[in-house]
Amino acid sequence: MSAAQVSFDDLANQIVAAGGKIGPSELHGFICGLLAAGARPDKGRWKNETAEFLDLEALPADLARDSLKLVEQSLQDLSDKNFAFQPLLSTGEELAERGQTLCLWCEGFLHGFGVGKYTGELPATSSEALKDFAEIAQLDATSLENGPEQEREFFEVQEYVRMAALNIFVECNPPSAESDPGQSGDKPAGPTLH
């Protein structure tokens with residue numbers, strides 16, 4: 001994510017201050033899962049979904065603003081032909097912390113994809129990636145120790161998750177084969193959450 005976007009630490013502080021029970025990685029995974037499933041709720045609905053996911057009655061203004069910014073940036077990054085998308089993970093020094101945030105990101109993605117209620121035929125590669133996400137989400141990363149070999153292995157898993165999320169998004173959100181020149185480009189794709 002670019003410097004102008006919400007940072008992991010800023011979002012974590014906002015969630016904690018609001019009394020939320022979910023971290024920024026899991027929230028970002030949830031948002032990306034919803035988007036990958038084709039859901040495009042309006043801003044009010046995003047605020048409600050985010051508050052519910054964080055187990056809050058309402059979102060404070062700063063958290064609402066930054067979570068909407070995260071939604072917009074995530075959709076842009078997932079749609080980017082240059083593969084700019086990156087899961088929002090801790091940038092801490094400890095590999096165990098970064099590993100745990102990757103596990104939570106995968107858990108959030110699965111939850112969001114389920115809530116998004118993808119209705120199409122799920123391609124085999126996306127189905128397999130979702131199964132892999134479920135396995136990653138179940139890992140106990142707290143035992144990871146810093147070291148060059150484990151850093152390399154973590155990077156490989158993180159890169160797999162990144163590319164798998166992009167692939168799921170692309171396979172479940174194909175560009176329209178027929179575009180009507182009379183239609184506005186602002187029309188949301190996919191189902192809206194209810």
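I will talk about the nonpolar core of this predicted model, one helix pair, and one loop residue. Residues are numbered from 1 along each chain as its sequence is written, and side-chain values use heavy atoms, with hydrogens and water left out. Because the model is predicted, local features need pLDDT of at least 70 and side-chain atom pairs count only at pLDDT 80 or more, whereas totals for chains, interfaces and linings use all residues.

Let me start with the core. The largest nonpolar core, meaning buried Ala, Val, Leu, Ile, Met, Phe, Trp, Tyr and Cys residues joined through side-chain atoms within 4.5 Å, where buried is under 20% relative accessible area with a 1.4 Å probe and protein chains only, has 50 residues, and those with the most contacts inside it include Trp105, Phe133 and Ile168. Its largest share, 8 residues, comes from helix 7, helices being DSSP runs of H or I with at least four residues, numbered from the N terminus.

Now the pair. The axes of helix 6 and helix 7, which are lines fitted to C-alpha atoms over the stretch in contact, with angles from 0 to 180 degrees between N-to-C directions, come within 9 Å and cross at roughly 140°. That makes helix 6 oblique to helix 7, since angles under 35 degrees count as roughly parallel, over 145 as roughly antiparallel, 65 to 115 as roughly perpendicular and the rest as oblique. Phe133 and Ile136 are among the helix 6 residues that meet helix 7, where the partners include Val161 and Ile168, contact being heavy atoms within 4.5 Å.

Finally, Asp55, in the loop between helix 3 and helix 4, has a positive phi of about 65° although it is not a glycine.

Definitions and conventions
Helices (H or I, at least four residues) and strands (E, at least two) are DSSP runs, numbered from the N terminus.
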